[in-house]
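Dear colleague,

I am handing over the structure we spoke about, and below it you will find what came out of the analysis. Please read the notes with the coordinates open beside you.

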Amino acid sequence: MSYGDDARRKRIALISFSSIFLIAMVVAVTVGVSLKKNESSDSKNDSTSHEVSTSMKAIQSICAPTNYKTECVSSLSSEAGNTTDPKELIKAAFKVAMKQISEGAKRSTLLKELEKDPRTKRALEDCKQLMDFSVGELQHSFGRFGEFDISKLDEMLIDLRIWLSAVITYQETCVDGFQNTTSNAGDKMKAALKTSMQLSSNGLAIVSELSSVLKDLQIPGIGRRRLLGEAVLPVLGHDESIPDQWSNPGVRRLLQASTANTKPDVVVAKDGSGKFKTINEALLQIPKLNSKPFVIYVKAGVYKEYVHVTRAMTHVVLIGDGATKTRITGNKNFVDGIPIFETATVSVSGDYFVAKNIGFENSAGAEKHQASALKVESDFSTFYNCSMEGYQSTLYVHAKRQFYRDCTVSGTIDFVFGDAAAVFQNCKFVVRKPMETQQCVVTAQARKDRRQASAIILQGGSITADPAFYPLRFELGAYLGRPAKEYSRTIIMETQIDDLIKPEGWVPWLGTFGTNTCYFAEFHNKGPGAATAGRVKWAGVKHIKRENALDYTPGKFIMGDGWIKETQVPYVPGLIDN
């Protein structure tokens, strides 16, 4: 076996045991607390029987809300025996998951076959990166879990829900990357990831429903906490405390001030007046294990480079001279053989990213099909007064929490797409002229699991026609969105919708796919395109009231008071029109 094959299998194994590991942590805590409560009253003779029954009761209760109950129970109990040691339960979870994925890898020749087709080879490389992302989320979650503090179990569950939603997205992205390849590699990869997908779904179900499970187990001190017991977990779920990462008055002043008064860490300028001429050079100056905002000021100019803010590059603040003055441009696209995951001119993976007064562009054109200007999987990321220009798939809101304010996004087909928890406040969506055989669609949200904490939310702002599209708007028309995955979720509220939007409003992806399971809603929109009388009559198109709309405001859906406020970016936590 080559080192490369072994590394690939290891990555698959790691992503596969990620969810079961998280399940085991929860079970370990609940079992440990339950046993501690009863240690003093149980005799030595019946302790073994008690441990077995208590462990199995905990496992069965934890697995109750999952979609794959058999896999959940068997994976946790097959090797745990009668142990009651939390560490041994976790080891058992590791062991059984590793065995399952190892057997699957032995039966498949997929990894060798993937090298034959150029597109398939690139899809494999993307899968490797996506698996690394998943492992990173596992490590982050484990770090936050700390020393198994039972008093903070609810906070851990909140973080895990966000993480697990991202893990499901990453796996789906991996499989989707094999579309339009010349082999059956996609089917084989989906089969290889079947276990990890099921366990990820189970993990998300457990995190989402655990409050009622813990109540049934009657564990002291759990049911009374703020986010558990009788309370319903928030839509996204996370603490309302202000992150220490943004408790920096200097950065807040930078975001409020004009660029003329900015004192950044690094200056980038095409004309040589800064320390560097490229943004990529500036990114290399970010300190390792950076834990405070690192400000890069990019002077006016057109920067023809592909920028990746990696997961290790956290707390990056990118400030330009204006969305039309400081522009980052590229032209990677699907037609030229590049998977959509790799086409973005700028890709942001590092958490706590902020961009202000920057233009992101993909100039490939409508004839090149999918070609992203910006891809974001950064948690707690903020974009203010920026533009994202392209045609198909302009803005890829890939995963985790994102906030956009006063931005302009232009495109033709699915030009805002992905599976993040993304809120756009007071943003402008400009529909451009497509090719003759194309139809324009603003959003394509990609929620695969009904419990994922993700949605695309447009609040305030407008949906309008580009000047070149305007004369053709009645002939060609445009739609608000379509379901990219089964549980696609998009909410449009308090938005000016011009007359380019067809009366049907929403359009199918293919046949009836997702039309009954999606969640599409409109609330208090205005303009000639906002009339809902002619909207499609799908089961997934909802009519919501004010109390429902409030759930999707940034203050509640992504708990923006805890992190957006600290950036000093303009922000309304609730409904704009009170």
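Y303 has its bridge partner in strand β6, namely I328, and this belongs to a parallel pairing in which strand β3 and strand β6 (residues 326-330) are joined over four bridges. Please keep in mind throughout that this is a predicted model. Within strand β3, which covers residues 301-304, the side chains alternate, with G301 and Y303 pointing to one face, where they are buried, and V302 and K304 pointing to the other, where they are not.

For the chain as a whole, there are 15 helices and 26 strands, and 57% of the 578 residues count as buried. The exposed area comes to about 23800 Å², of which carbon and sulfur atoms supply 50%. If one takes the contacts between residues at least 6 apart in sequence, 72% of them join residues that are at least 24 apart.

The aromatic rings may be of interest to you, as the structure holds 14 aromatic pairs. One of them is formed by Y352 and F380, which are stacked with 4.9 Å from centre to centre and 15 degrees between the planes. Because Y352 lies in the loop between β7 (346-348) and β8 (354-356), while F380 lies in the loop between β10 (374-376) and β11 (381-384), this pair ties together parts that are 28 residues apart in sequence. Both Y352 and F380 are buried.

Another stacked pair is made by Y396 and F417, with 4.3 Å between the centres and 20 degrees between the planes. This pair links distant parts of the chain, since Y396 sits in strand β13 (residues 395-397) and F417 in strand β16 (residues 413-418), 21 residues apart. Are these two rings buried or exposed? Y396 counts as buried because its relative accessibility is 6%, and F417 counts as buried because its value is 13%, the cut-off for buried being under 20%. Apart from these two pairs, ring pairs also link F353, F360, F383, Y404, F424 and F429 into a cluster.

Finally, there are two places where an arginine lies over a tyrosine ring. The charged end of R432 sits over the ring of Y391, at 4.1 Å from its centre, and R473 lies over the face of Y470, at 3.7 Å from the ring centre.

With best regards

Key:
Residues numbered from 1 in each chain as written. Predicted model: local features only at pLDDT ≥ 70, side-chain atom pairs only at ≥ 80, totals over all residues. Heavy atoms only, no water. Helix = DSSP H or I, 4+ residues; strand = E, 2+ residues; numbered from the N terminus. Buried < 20%, exposed > 50% of the residue type's maximum accessible area, 1.4 Å probe, protein only. Contact = heavy atoms within 4.5 Å. Areas by Shrake-Rupley, 256 points an atom, 1.4 Å probe, with all protein chains shown as cover. Pairing = 2+ DSSP bridges. Phe/Tyr/Trp six-rings, centres within 6.5 Å; stacked < 30°, edge-to-face > 60°. Lys NZ or Arg CZ within 6 Å of the ring centre and 35° of its normal.
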